[in-house]
Amino acid sequence: MPFSLIVCFKVVQEYERAVIFRLGRLMQGGAKGPGIFFILPCIDAYARVDLRTRTYDVPPQ
């Protein structure tokens with residue numbers, strides 16, 4: 001029982017958001033975060049979305 005409670009709580013950083021899917025459908029309320037949120041194992045799935053800007057060097061033509 002105590003181990004299953006640890007699996008239920010997830011943490012996302014300030015530059016991330018978590019999109020939670022319940023039984024394959026997007027949950028109402030949109031993305032969660034930053035901070036701690038609760039998911040139900042075997043029912044919920046989540047995806048972390050990184051909000052940081054990525055830069056790439058493009059060689060001159």
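Is R48 buried, partly exposed or exposed? In this predicted model, R48 is partly exposed, its relative accessible area being 44%. The legends below take up the sheet and then the charged pairs.

**View 1. Strands β3, β2 and β5 make up an open sheet.** The sheet contains 3 strands, which follow one another in the order β3-β2-β5, and their pairing is antiparallel. Its edge strands are β3, covering residues 25-26, and β5, each of which pairs on one side only. Between β2 and β5 the antiparallel pairing runs over 7 bridges, and within this pairing E16 stands opposite D50 in β5. As a general point, strands of a sheet pair through backbone hydrogen bonds, in either a parallel or an antiparallel sense.

**View 2. A salt bridge joins the side chains of E16 and R48.** The distance from N to O in this pair is 3.6 Å, which falls within the 4 Å cut-off for a salt bridge. E16 belongs to strand β2 (residues 16-22) whereas R48 belongs to strand β5 (residues 44-50), so the pair ties together parts that lie 32 residues apart in sequence. On the β2 side, E16 is buried, with a relative accessible area of 12%, while on the β5 side R48 is partly exposed at 44%. E16 counts as buried because the limit for that class is under 20% relative accessible area.

**View 3. D44 and R22 form a salt bridge.** Here the closest N and O atoms are 2.8 Å apart. This pair, too, links distant parts of the chain, since D44 sits in strand β5 and R22 in strand β2, with their positions 22 residues apart in the sequence. D44 is buried, with a relative accessible area of 10%, but its partner R22 is partly exposed, with a value of 33%.

**View 4. The side chains of D50 and R52 meet in a salt bridge.** The N to O distance given for this pair is 3.0 Å. D50, the residue in β5 that E16 stands opposite, has a relative accessibility of 31% and counts as partly exposed. R52 is likewise partly exposed, at a relative accessibility of 48%.

**View 5. The salt bridges of the model are brought together.** How many salt bridges does the count come to? The count comes to 3 salt bridges: E16 with R48, D44 with R22, and D50 with R52. In general, side chains of opposite charge can pair when their charged atoms come close.

Note on methods: Residues are numbered from 1 along each chain as its sequence is written. This is a predicted model: local features need pLDDT of at least 70, side-chain atom pairs count only at pLDDT 80 or more; totals for chains, interfaces and linings use all residues. Side-chain values use heavy atoms; hydrogens and water are left out. Helices (H or I, at least four residues) and strands (E, at least two) are DSSP runs, numbered from the N terminus. Buried means under 20% relative accessible area, exposed over 50%, partly exposed in between (1.4 Å probe, protein chains only). Two strands pair if DSSP finds at least two bridges between them.
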